[in-house]
Structure formats: structure tokens, C-alpha cells
Amino acid sequence: MARTLAMFTDVSLCIGCRACQVACKQWNQLAPEEPEWTGSYQNHPHFTDKSFRLVRFFEETDDKGHIKQWHMMSDVCKHCAQAGCLEACPTGAIYRTEHGTVNINQDICNGCRYCVSACPFGVVAFNHDTGTATKCTFCNDRIHNGLGPACAKACPTQSIRFGYRDELATLAQKRVAELRKQGYANAQLYGEDQNGPLGGLNAFFLLLGKPAVYGLPEKPKLPQRNVFTDSLLSIGSAILVGLGAVVAFRDRGGKGGA
């Protein structure tokens, strides 16, 4: 396999201009959508089949409810090392490229939507017009023509960077150290650690606070990992209900005989 390509997003440099969101729509020829009121400058509330990239806006408040800090983050498919969508796909439509990214072959997708529910980040969306699942591909066509993803090219502050994963990880670690020296004590990387959740993310982030501030799960895991535990709980509940019914019938039978 070729060296893994990745995307590093430094939220401390994001100005929320949405140039990345527009560039994604333009390059991937995604149809326009009706704006939605979300209570903030964010539009839309979540990824859709026509929005592969989403600039998120969060207001952090203090104990008195006063705005403490604005947080902006350009969010995208994480191209997880352990990709729930890929594992759940029954047709092989979702595959890993030689660069470590995760794509969907639209010609093979049967529209079952297992991948939609298997994504721990809510990235994969279903397109009702084509009957297939869709998501960001890191602009796979551009990559194979020596170009970076459209979003990274359009970012005016270099908040979004694209390149080899190992080089970006080194850059990200240095950036965290710089920010901490500047007083951002909570600066941290999310998804950079390949020994962490999901084996690391190929779209990782530098955050200025806890992941929850940005609407990200603290320790993302694949929904299918809960199947065994949930099955045991269901079986246990069924046994308890059955025992309760038996006891109830025995009590009723005893009273009837008296």
C-alpha cells in the first residue's frame, strides 16, 4: 500500500468562512439545498447527501450562561482505520483505497443503508435520488491526478491541510505544543493516535477543548461492537419476563384451586 494520505484540521485557524464547504459542493457537483435554521451560523445541522463537508459553530458559555468563546470547526468524513461503514457493507461497495482512504463504489451500492447506521460520526448519508449511500472521498479523482482535496485547496488560513499522514501528525504535535505555550492549556489532538479509538482517523483534528465541545464523541466506537452486549441484555430481560409470567400463572392457579 502507498503511504497513507490524511487530512489535518487545525480549528484554532478556522475562521468559519465556509470556503471549504462551497469548494466541496462545487467540485463534487452537489445540488443546492434549502437553508435550515439551526440556532447558530451552522447550516445544515448535520451531513446530508448533498453536504459532504460541514462547518460547525459552537458557543461555549460560562456558569452564568454568558458566551465564553466561539468554536468553529470544518467537519468531514474521518476515513477511519477501522471503518464501521466498510465493515457493515454487505456488497463490497465500500472499499479502502491504496492511500488508506475509504470510498463508496456507486455502481455496486445497493442502498441497504447499513453503512449509514454503522458510522459513529453520522457522516454517511443516503441519496434518495440515486438510491445509494454517499460521503466525502477526499476528492478521490483529484488525488489520483496529483491534486489535493478541493476543501484544503480553498481554505484561506491553512486550517485544513492534506498530505502524508505521518508528516501531518508530526506537524500537528508541534502545533499543539505551540498553542499550549501560548496559554491554550486544553489544546489536544483528536484521532491522530493510531493506537486510539478506531485505530486512528485519517481526518484528524486539533481541538482547543474537549471533543464534546465540538460535538464529537470522546471515545468513538463502532455500533456493531455493542451487538454482543446488547444481545446478552436482551436474553437476560427475556428470561426475567418469562420467569415473572410463570410465577404469576402459578399464583393465579393456586388461588383458583382454593
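# A tour of the model, starting at helix α1

On the face of α1 turned away from its buried side, select Val22 and Gln26, both exposed. Everything on this tour is read from a predicted model.

**Helix α1 and its cover**

Now turn to the other face of α1 (19-27). The residues buried there are Cys20, Gln21, Ala23 and Cys24. They sit on the same side of α1, because they cover an arc of only 165 degrees around the axis. An α-helix has 3.6 residues a turn, so residues three or four places apart point the same way.

What covers these buried residues? Show β2, β3 (67-75), α5 (150-154) and β8 (160-164), which are among the elements that do so. Then step just past the end of α1 to Gln29, where phi is positive, at about 50 degrees.

**The loop between α1 and β2**

Follow the chain into the loop between α1 and β2 (54-61), and select Tyr41 there. Is Tyr41 buried or exposed? Tyr41 has 57% relative accessibility and so counts as exposed. Add Ile67 and Trp70 to the selection: with Tyr41 they make up a nonpolar surface patch, whose accessible area is about 350 Å² together.

His44 is in this loop, between α1 and β2. Display the backbone from Asn43 to His44, which are joined by a cis peptide bond with omega of about 15 degrees.

**Two salt bridges with buried partners**

Next, select Lys50 and Asp49. The closest N and O atoms of this salt bridge are 2.9 Å apart, and both residues are buried.

Move to Arg56 and Asp75, another salt bridge, again with closest N and O atoms 2.9 Å apart. Arg56 belongs to strand β2 and Asp75 to strand β3, so this pair links distant parts of the chain, 19 residues apart. Both Arg56 and Asp75 are buried.

**A salt bridge between the start of the chain and α6**

Salt bridges that share partners also join Arg3, Asp166 and Glu167 into one network. Select these three residues, then measure from Arg3 to Glu167: their side chains form a salt bridge with an N to O distance of 3.2 Å. Which parts of the chain does this pair tie together? Arg3 lies in the segment before β1 (5-10) and Glu167 lies in helix α6 (residues 165-181), so the parts joined are 164 residues apart in sequence.

Colour these two by accessibility. Arg3 is partly exposed, with a relative accessible area of 40%, and Glu167 is partly exposed at 48%. Side chains of opposite charge can pair when their charged atoms come close. How many salt bridges are there in the count? The count comes to eight.

**Cysteines without partners**

Select the cysteines and look for sulfur pairs. A search of the whole structure finds zero disulfides. Why does Cys85 have no bond to Cys77? The sulfur of Cys77 is the closest cysteine sulfur to that of Cys85, but the distance is 6.3 Å, too far for a bond. The cut-off for a disulfide is sulfur atoms within 2.5 Å. Cys85 counts as buried, at 9% relative accessibility.

Go on to Cys151, which is in no disulfide either; its nearest cysteine sulfur belongs to Cys139 and is 6.1 Å away. Cys151 also counts as buried, at 7% relative accessibility.

**Positive phi in two further loops**

Select His79, in the loop between β3 and α2 (84-88). Phi of His79 is near 45 degrees, a positive value in a residue other than glycine. His79 is buried, with a relative accessible area of 1%.

Then select Arg113, in the loop between β5 (102-104) and α3 (114-118). Here too phi is positive in a residue other than glycine, near 70 degrees. Arg113 counts as partly exposed, at 40% relative accessibility.

**Last stop: His128**

Finish in the loop between β6 (125-127) and β7 (132-134), where His128 lies. Is His128 buried or exposed? With a relative accessible area of 62%, His128 is exposed. Draw a C-alpha to C-alpha distance from His128 to Asn103: the two are 19 Å apart in space and 25 residues apart in sequence.

Notes:
Residues numbered from 1 in each chain as written. Predicted model: local features only at pLDDT ≥ 70, side-chain atom pairs only at ≥ 80, totals over all residues. Heavy atoms only, no water. Buried < 20%, exposed > 50% of the residue type's maximum accessible area, 1.4 Å probe, protein only. Patch = residues over 30% accessible without salt bridge, like charges linked within 9 Å, V, L, I, M, F, W, Y side chains within 5 Å. Areas by Shrake-Rupley, 256 points an atom, 1.4 Å probe, with all protein chains shown as cover. Salt bridge = Lys/Arg side-chain N within 4 Å of Asp/Glu carboxyl O. Helix = DSSP H or I, 4+ residues; strand = E, 2+ residues; numbered from the N terminus. Arc of directions from axis to C-beta. Contact = heavy atoms within 4.5 Å.
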